[in-house]
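User: I would like to learn how to read a model like this one. Please take me through it step by step.

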Amino acid sequence: MKTAHCLPLLLCLCIGDALAGTPIQLQHAASANTRISISNIAGSVNVTAWDRNEVQVGGELGDGAKPLQITGDNDRLSIKVEPRGGSGSGWFNFGGDSRMAPTTLELHVPRGASLDVKVISAPLVIDGLAGGDIKVNTISGNARIHANTPALDVDSVSGGIELSGQADKAALQTVSGEILAPALGRTAKLETISGHIQAGGGPWQTLTLSTVSGDVQLSGKLAAGGSIDIDSMSGVVQLRLPADTPAKLHASSSSGDLRRAFRKPIEAERGPGSSLDTSIGAGDGKIHLETFSGDLRVKKQE
Amino acid sequence: MNEFEWRRQMRELQQPHVPRRDLWPAIDAALDQAVADPPARATWRRMLAGAAVAASLLLVVGMAWHQWFTPTAPAESAGTTRQASWKPADPRLAGAAIELDAARLELQLAIEQAPDSAALQRLLRHTERQQAQLRQLADRAG
């Protein structure tokens, strides 16, 4: 009788086991600043830095995927999740995820490694890297990156981008994904169509930001002789700067409202619109803000 | 005029009156003239009818010519609509394609209102570049 009661439970466990993917356990020697290419369609990718000259891959391979391998030499390694029966014509291989279940990748890589990650709908987490470049392409998966990197390049369609740590040079682009980057380094380029941007950091030598309808909150410092350029169509732009920012500020809006903490804006003589030209602090930096219908707010940092 | 005088005049109106001159010769002459005229008028009417038929035929032929032989001009707006209606097969890209199309159209409208805005021109270039990248992704998808 007791056995009969346990049968459904055993059956469920057997089915669960049959549907589960294949555990992954791979490792490969690597140089301290190895370059690693990773691609996965669906599932997740977690990359954690460690202080070993070795790459270790764990996780679970989805049903229908080719057996996973680490290919290449110690300086250049590749880990690609591909469906059985051909990898398709494109690197994204959009049709591939209909032929295989999601794959979970848990990687440990040398701290100084450079990464080139391509995912479609798999969320990506990169944690603890220091010293190597990072390049990410994602479609709908969010990318969370905690690293100190000389160059970060993230191109996303609808996935959000979260950056903590420090990127000396960052290029972050989304269509509708949000960008959260409170510690941008000397050079930054942020572009979105409708995603919101919340960013900070500096001191910036060059910061360019463009948004069509996404709102922007930017707070940080400008380097001596540096420049900030922000273009917005209907997105609201809020910029917070120290009171002694060494720059000249030009801000204009065709029909949006312009509020400032530094000087009264000049209203257009005819029609809507306003502009502001002022020097914030002594210096030759340049800040140029322009919106069409989005409101502009320039405030002093507390 | 009193009432009696008014009634007397009314009674006189009831009596027959002879015209001061004979009217029949003039009526007869006019009737003869009318009999002599009809052939010319009929010719004129036939000509009018023929001209109307010819004009109608010309109109029909002209319309047919316009319908069959005028080339359908590929207007710019048609191209824009085609571009705007591009939708990738993959649902993960379709939403972004719609969003980019909407952004591009909004920017074009904004540029019409503020043609001197360099910021709007840059934003339009960014948007079109992202559209091109999305098309490449869709093309390269396996």
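**Confidence first**

Analyst: This is a predicted model, so start with confidence. Chain A has an average pLDDT of 88, and 85% of its residues score at least 70.

User: Where in chain A is confidence lowest, and where is it highest?

Analyst: The low end is helix 1 (residues 2-19) of chain A, with a mean of 47. The high end is strand 8 (residues 103-110) of chain A, at 98. Residues 9-19 of chain A have a pLDDT below 50. That stretch makes zero contacts in the model beyond near neighbours in sequence.

User: How should I treat low-scoring coordinates?

Analyst: Where pLDDT is low, do not read the predicted coordinates in detail.

User: Next, domains. Which domains does the assignment give for chain A?

Analyst: The assignment gives domain 1 (20-177) and domain 2 (178-302) of chain A. Their C-alpha centres are 34 Å apart. At the boundary, 18 residues of domain 1 of chain A contact 18 residues of domain 2 of chain A. The domain 1 side of chain A that touches domain 2 has seven nonpolar, eight polar and three charged residues.

User: Now chain B. How many helices and strands does chain B have?

Analyst: Chain B has six helices and zero strands. Along the sequence the pattern reads α-α-α-α-α-α. Chain B has 142 residues, and 16% of them count as buried. Among contacts in chain B with a separation of 6 or more, 44% join residues 24 or more positions apart.

User: What end-to-end distance should helix 5 of chain B span?

Analyst: Use the rise of 1.5 Å a residue. Helix 5 (residues 91-113) of chain B has 23 residues, so 33 Å is expected. Its end C-alpha atoms are 34 Å apart, which agrees. Helix 6 of chain B also has 23 residues, so it should span 33 Å. Its end C-alpha atoms are 33 Å apart, in agreement.

User: What do the buried residues of helix 5 of chain B pack against?

Analyst: List the buried residues, then find their partners. In helix 5 of chain B, the buried set includes B:L93, B:E99, B:L100, B:R104 and B:L107. The buried residues of this helix pack against helix 6 (118-140) of chain B.

User: And which elements do the buried residues of helix 6 of chain B pack against?

Analyst: Buried residues of helix 6 of chain B include B:L120, B:L123, B:H126, B:Q130 and B:L134. The buried residues of helix 6 pack against helix 5 of chain B. They also pack against strand 14 (179-192), strand 15 (197-211), strand 16 (216-232) and strand 22 (285-291) of chain A.

Methods. Residues numbered from 1 in each chain as written. Chains lettered and ligands numbered in written order. Predicted model: local features only at pLDDT ≥ 70, side-chain atom pairs only at ≥ 80, totals over all residues. Helix = DSSP H or I, 4+ residues; strand = E, 2+ residues; numbered from the N terminus. Expected span 1.5 Å × (residues − 1). Buried ≥ 20, exposed ≤ 12 C-beta atoms within 10 Å, placed from the backbone. Contact = placed C-beta atoms within 7 Å. Domains from an automatic or database assignment. Nonpolar A, V, L, I, M, F, W, Y, C, P; charged D, E, K, R; others polar. pLDDT = per-residue confidence, 0-100.
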